[in-house]
Amino acid sequence: MPLRTELTGNPDVVRLSASALDRRERDCPASAAAKAYPAMRPVVRDRRRYPPWASFPLGLVISALDFVECDGYDPDVAAEMAVEESRDPVHRGVARWIRHACRTYVETSESLAAELAAEGVELHLDGRPRVVQHGTRGASAVEMRALTAWGRWYASPDGSVVEFRRLRLRRPTGRKSDHSTLAMAYVAAAGDRVVHPRDVYQAVPIPVEHGGVRPQRIRVVEMGLTDADARVLVDAAPEEVRQAYLDSVRPVAARLLTDDRRAPGSDCAGCRLFGSCEALTRTPGLLGLPGPGTHRRTWSVTTARQYQVCPAQSHLRDLHLPAEEAAGSAVRRGLLVHQWLETAHGRPRKRPCTLDDLPDPTGSFHGLAERMMNWDEYQQIWPYLIQHVDVCPLRGPGEVTAVMPEPRVAAYDSTADVVVVANPDLLRRVDGRLVYREQKTSLTDRGITAENALELVPQLALAVCLIAGGVFGDTAGTVELEQLTPASGTVIELDAADPGVVTAARAVLAELAGPWHRDTAFRATPGPWCRFCPVSRWCGDASRADEGPFMTVDGLVIDPVTGEILESPGCTTSRVEAVTGALAGAEDDEPPF
């Protein structure tokens, strides 16, 4: 559906944020375009409910830094003030990170000031942002094209140097050539200071100061708020900045404003086109919950697993607080196996995997793996891939068509008001019947059978319910679990058209999603997993007990480094699977900030 048919109002008012030019592979183009038209509203009204807690930690960091740089408060005191003045409750873990982020920013800012002082340059906070805009307000119509940048602004006393600082949750990740970086530099070079900061998002056109000294030097700096680091991405003359913007960014910005392609996923919950978008399948009752929760949210099996281990962990991960990166051998092994299978199954000529694709790692290193991993990594996963050959989903029997490795699937449970996101390892049709495959690697047999698979691997329960809910067009299909160990490759099959299987799957999802759906406190549940929780550094309730290199959950001994069960193999539990799954980290993309 064309974008303009879903919005009504004045299409001649455009307000584009420079950060919107950061496009990740799975972002929805239409959602980004719709945000850029503030004078238009959705044709199909959608009642938006907001979270009953502070959901944008960066905004609170900005408030705390204002207390530091404008009023002279100590960073810790400023962070506490920002949390206390927040309109919505702030989780204890979020408050802890805000204090850390505020201290980190101040320390890094002092280092930047010392570097500039050596050049004879002194910068001060400029509380009024800049905006590039062109437009008119006529008797019957308003036209405006505005480009903005959200962050912190600094300038020298004489106005000759302007510096824009972009805040990153953990560490600087941008590059000088990024479209967003060039756009931010352009706003700094060509923009005018707004009269009142609040007008940037409210007034049309935006009142600005005209005249004054134009800058001679433009700087764009990314500031890491967790790891004390700053990266100067742009330090150039305005003329150079303008030319780079015109050559590289303006065409991209123009395409963004008219791109109506749809990519259902994590963008959907807050999208302005939500009520009219036909790309997002509506599946009432998908999660088996009786009604709506706190507000419209996004849920996945990763969310469920993290919540099952600890609600606080789930909440902090959902807010994208910086997490320690998982580095276990099982984590890396699983990612590499998935990467190899995605590449093999995505080849233009769809064909089954064979032993010819997997040269012996003791010999020369050739084949698909050579382009995506080193020799040691290939040697680690080779035994698992060898077992895959006999159970490759492209082998048949039957005619295999419509092969899609690693697609993103999203559906809206209108009863629960939840957008559900899944990432199947492979979708295909066999003799016309939909087959949804998940794949799992482990060092030994985990004891997962057809009888307990839905509970122990909830991705399968979600797959059954997605098929039964008609997300793929029909309500019949097969769900498979491919289990690979160095000694075996097996496949479990579940019939998604079997009423008993569907009922059991819905019960699993309801049990997993129900407590999360109602929760507003997200209290920590300390345990042995705290020592290996990726966000435990922000949790004041985390258990610090030293229990040695391993942890015991439900009587099973787990090696957190490898992610493997060391004792009592063959009798895993749902909680054990949740803990080992949480060790792997989130599946979602990194946030665009």
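Which residue stands opposite V418 in β16? The first close-up has the answer, R297. This is a predicted model, where local features need pLDDT of at least 70, side-chain atom pairs count only at pLDDT 80 or more, and totals for chains, interfaces and linings use all residues. Residues are numbered from 1 along each chain as its sequence is written, and side-chain values use heavy atoms, without hydrogens and water.

**View 1. An open sheet of four strands, ordered β12-β15-β16-β13, has mixed pairing.** Its edge strands, β12 (281-282) and β13 (297-299), each pair on one side only. Strands here are DSSP runs (E, at least two residues) and helices likewise (H or I, at least four), numbered from the N terminus; two strands pair if DSSP finds at least two bridges between them. β13 runs parallel to β16 (residues 418-422), with three bridges.

**View 2. An open sheet of five strands follows the order β4-β7-β8-β10-β11, again with mixed pairing.** At the edges stand β4 (124-125) and β11 (229-236), each with a single partner strand, so one side of each lacks a neighbour in the sheet. Antiparallel strands β7 (residues 152-155) and β8 (residues 161-168) are joined by four bridges. Here R152 stands opposite R165 in β8.

**View 3. F56 sits in the loop between β3 (40-42) and α3 (57-71).** With 39% relative accessibility, F56 counts as partly exposed (buried is under 20% relative accessible area, exposed over 50%, partly exposed in between; 1.4 Å probe, protein chains only).
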